[in-house]
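Look at the sequence and the structure below. The text after them walks through one helix, then its chain, then the contact between two chains.

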Amino acid sequence: MMAWTPFYNPMPMSSATVLWLVLPLCASVAMVYKTVRTKDVRRLPWEVLWLFVYMVVGLIVLGVGLWLLMKYWP
Amino acid sequence: MALAWIVPGAGHLYLRRPVRAAIIFITIAVTFWAGIAIGGVMTVDRENEPWWFAADMLTGVHGLVSWGRQHRVQEQAIVDAKLTPSDQTGRTGAGRQTAAAQEIHEVLAERNLALVPPVDTVARAYAGVAGLINLLCIFDAAMLALMGAVGEPPRPTAPESPAAK
């Protein structure tokens, strides 16, 4: 395997690892969205946490729903 | 709007919302450069991924710096693949253009620079999503500027109890 230089070469990665990388991306979206939308910056950490949980649970439900559809659809 | 595009968070800083500006700047920078760290220099690719490229450019200075880096590497690959300008513009036919793109891809693959699945999807999603969330911030800054909403909004207060009146 060739050496990986960050910001230059692509990171060697397996398909199983890819799924976990959706978590930081959700956190990032939740952070910016709530930063823009919140009325009180002091409540930001809780609002970000709730949106993050909401997004992750939504993605899991969507994933399970699509998996069931693929598995049991005639 | 231009300020909010060039430097993510600068629009909010201009509107005297420094905490929000700092959070936006750091989050978008970290998300975008995480994508580049995962996918490498070829993550921002105008020729092969125009839609992702458009999203990348919404990050302003981050996208422009990455495009500059990618352009230098791509130009070097073209020189090393010994291609002529007509090979790339496709004036001599789509088949020749595809062959030229394939040769460039092979040069990049030899140097471990070509993006392959599943890394390409992850890297481009990180960089592209950073651009899209900056678009949200650009619109927010533009709307706040149009409404003349400078500074943080007043903190919501608890309703007064009848005893306090």
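On one side of helix 5 of chain B, the exposed residues are Gly68(B), Arg72(B), Glu75(B) and Val79(B). This is a predicted model, and the assignments here are computed from it. The other side of helix 5 of chain B holds buried residues: His62(B), Gly63(B), Ser66(B), Gln70(B), Gln74(B) and Ala77(B). Viewed down the axis of helix 5 of chain B, these buried residues fall within an arc of 80°, so they line one face of the helix.

Helix 5 of chain B covers residues 61-80, 20 residues in total. From its first C-alpha to its last it reaches 29 Å, close to the 28 Å expected at 1.5 Å a residue. Just after helix 5 of chain B comes Lys82(B), with a positive phi of about 55°.

The rest of chain B is also described by helices: chain B has eight helices and zero strands, in the order α-α-α-α-α-α-α-α along the sequence. Chain B has 165 residues, of which 40% count as buried. Among contacts in chain B with a separation of 6 or more, 70% are between residues 24 or more positions apart.

Chain B also touches chain A, in a contact that takes 30 residues from chain B and 22 residues from chain A. On the chain A side, helix 1 (15-20) and helix 2 (22-37) each supply at least two residues. Helix 2 of chain A gives the largest share of that side, eight residues. By class, the side of chain A that touches chain B has 16 nonpolar residues, four polar and two charged.

Conventions
Residues numbered from 1 in each chain as written. Chains lettered and ligands numbered in written order. Predicted model: local features only at pLDDT ≥ 70, side-chain atom pairs only at ≥ 80, totals over all residues. Helix = DSSP H or I, 4+ residues; strand = E, 2+ residues; numbered from the N terminus. Expected span 1.5 Å × (residues − 1). Buried ≥ 20, exposed ≤ 12 C-beta atoms within 10 Å, placed from the backbone. Arc of directions from axis to C-beta. Contact = placed C-beta atoms within 7 Å. Nonpolar A, V, L, I, M, F, W, Y, C, P; charged D, E, K, R; others polar.
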